[in-house]
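This report looks at helix packing, internal cavities and one side-chain contact in turn. The structure comes first.

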Amino acid sequence: MERSFSKEIQALRLGQGELFEGEGILAVTKALLQSGVAYVGGYQGAPVSHLIDVLVQAQDILDDLGIHLETCTNEASAAALLGASINYPARGAVTWKSIVGTNVASDALSNLASPGVIGGAMIVIGEDYGEGASVIQERSHAFALKSSMWLLDPRPELSTIVRCVEKGFELSEASNTPVMLELRIRACHVTGSFAAKQNRAATVSRRAKVGPAAFNYDHLAHPPATFKQEKLKFEQRLPAAQRFILEHGLNEVMPGDLDDIGIIVQGGIYNALSRSLQTLGLADAFGQCRVPMLVLNVTHPLAPQQILDFCTGKSHVLVVEEGGPEYLEQAIGTILRRADRNLRLAGKDMLPMAGEYTIEVLTRGLLAWLPKARPDLDLAAPATAFDAAQAQRAKAQGLIGPDLPLRPPTFCTGCPERPVFTAIKLVERETGPVHVAADIGCHALATFAPFSVGHSILGYGMSLASAAGVGPLSQRRPIAIMGDGGFWHNGLITGVSSALFNRGDGVLVVLQNGYTSATGVQYLPSSKQSRHEDGMSGADIETTLKALGVQWVKRLRSYGLGGMTSALKEALSTAKKGLKVIIADGECQLARQRRLRGEEAKALAAGERVLRTRFGIDDAVCTGDHSCIRLSGCPSLTIKPNPDPLRSDPVAHVNQGCVGCGHCGEVAHAAVLCPSFYKTEIVHNPSLWDRLNHRLHQAMIGWLRSVGA
């Protein structure tokens, strides 16, 4: 796992009235338990990966409540899990990262939303949008509109988040519609407290099983039932949801004395807006603001009467909506126009259409809007201070200068995926450039320097499918890169099966590191361990490929650069047609180091022999060519000043971050570089043989020195 939640998990047992303190994602987990869920599941992915991690580590709590936990192979299977709530009064919650995860789940979501649900159904969405995002810049709002699902965007404050989870299930049941609860990165990790409630066991659960539901064709997303379902969405479910939102006060009105103007804001960016207003002297540190605000903890659907009530008596209203298109601004404008309300509605004309609404962005937008909305406000002093801060930052950037090299993200020290890309670069020296279809995962870091490998990224597990159109048009076979996570997520079906069906002649390299490493080191179907009691996993990639009909399969040790280079050459040049798969097998170094640290600590405490390997570079031998760095890219391989006063070029250097993977030495050998690398073995609690061997080596070295003298 990315981290242990053993201490935090104990807070999930808190009862009525006890104080819960912790992170936002832990609060969501506690709210799910308080809501009486029958089943939970999802696909791991930042920024909500912790939700699955916490649930896995809290298996005993789930068992006590009879809650079923499903760790899904992709988002589509997670969305389909919610189908249980179509026919049974069982509350279910699933989670994944959006927008890419919601893309994968879209088919299942459409077929879920059309018939609707009788048990509350919630999707906890990691809204991965903005400067810290790791995916395509899109918003989940479009999916809520497309499938007529309700979208909650809670204010980043723990009691509000918990209330939205609990009320979200009630909203789902009151309107027979699944709901989405989106959480930005900051909301996931915001800290705070709230008064806990007792955990609730579901009426239908693993401990309270029911018989099969009666057949009801209207519960199927299939014509002719779908025609009726479409009418129900807008004639019954939508009005029911709007009534629930008003009756239960899901949205919040923050009063202010400047009551002739107002701001309508998404709940998720309320904290940033409040801080921006504080910068302008219009709010305090506790959120008391002079400008009235309507905080939309539910961004879809809007309740028209609430919008009209808030806008009554106001001449100017600003809609603060992150990202584009301006869904909320258009919807609010329609509500006001239909009611013939004459006021100045602002939004994207004051704020940027795209990008994260940071405090800086919001402050700039407010400084553009407020002088028009309230020209009597004296904003000269805060505006001057803001401009001065901007100028100071620009000056600092100018002092840094354009010559400072960029530091793109790279593989972890000792990552087993790095040697594969070194092998590709070495092969390209002989064969010429090769089209490489990249994929989602840690290995996507190879698109940065020094490798700069990868022509396209079309989606998780989609690399082989994306190379299918290139192969028939290319002089050389393309190479598709895929992680073991991508293989099980989507690659097996969309890539391998399709390649066999169409008799594709490409090369697939599966990087088997044993985990979904990019999202925090969670288990896979082919991991050597699993979350189950026996700790065993039952799937194997090589066996699966051969069972499917792949004839050319080689499993190689990732760190064996020579073998990997030879296998790639053979795969690219062999006369044998058909899909050729190389499985690069090497455990994720992060997971390995975490495991080894614990094992070594126990061994050292017990006085057992422990061997550690490190690599170094002989300063006197290093030529300063630095090809080793260009072909390795290891963060522990760097440069230092040359100790020889007669040489000015810096020499290569291995720092203390080295984990002893041996890749640098492999590169030096395979690429026929300088012989400056050496290996050092550090022995703790040496045996009698170790001591004797050391003495023999010291004696031999001493004799050689005397001879040389």
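Axes are lines fitted to C-alpha atoms, for helices over the stretch in contact, and the angles between them run from 0 to 180 degrees between N-to-C directions. In this predicted model, the axes of helix α2 (residues 24–34) and helix α9 (residues 158–175) come within 9 Å and cross at roughly 35°, and the crossing of the two is right-handed. On the α2 side the contact is made by G24, A27, V28, A31, L32 and Q34, while α9 contributes L158, I161, V162, V165, E166 and F169. Sorted by character, the residues of this contact comprise nine nonpolar, two polar and one charged.

The second topic is enclosed space. The structure holds four cavities of 30 Å³ or more, and the table sets out the largest and the second largest.

| Cavity | Volume | Nonpolar lining residues | Polar lining residues | Charged lining residues |
|---|---|---|---|---|
| Largest | about 100 Å³ | eight | seven | none |
| Second largest | about 60 Å³ | two | three | five |

The largest cavity is lined by 15 residues, and those nearest its centre are C634, S636, C658, C661 and C664. The second largest cavity is lined by E127, Y129, R139, S140, H141, L151, E182, R184, Q266 and E322.

The last topic is a single side chain. Q242 lies in helix α11, which spans residues 225–247, and a polar atom of the Q242 side chain lies 3.0 Å from the backbone oxygen of L302. Leaving aside residues up to four places away in sequence, Q242 touches P301, L302, A303 and P304.

Notes:
Residues numbered from 1 in each chain as written. Predicted model: local features only at pLDDT ≥ 70, side-chain atom pairs only at ≥ 80, totals over all residues. Heavy atoms only, no water. Helix = DSSP H or I, 4+ residues; strand = E, 2+ residues; numbered from the N terminus. Polar contact = N/O pair within 3.5 Å; in protein donor to acceptor, adjacent residues only side chain to side chain. Contact = heavy atoms within 4.5 Å. Left-handed = near helix turned anticlockwise from the far one by under 90°. Nonpolar A, V, L, I, M, F, W, Y, C, P; charged D, E, K, R; others polar. 1 Å grid on protein atoms, 1.4 Å probe; cavity = no way out; pocket = protein on both sides within 12 Å on 5 of 7 lines; lining within 4 Å. Points joined across faces, edges and corners; volume = space filled by probe spheres on them.
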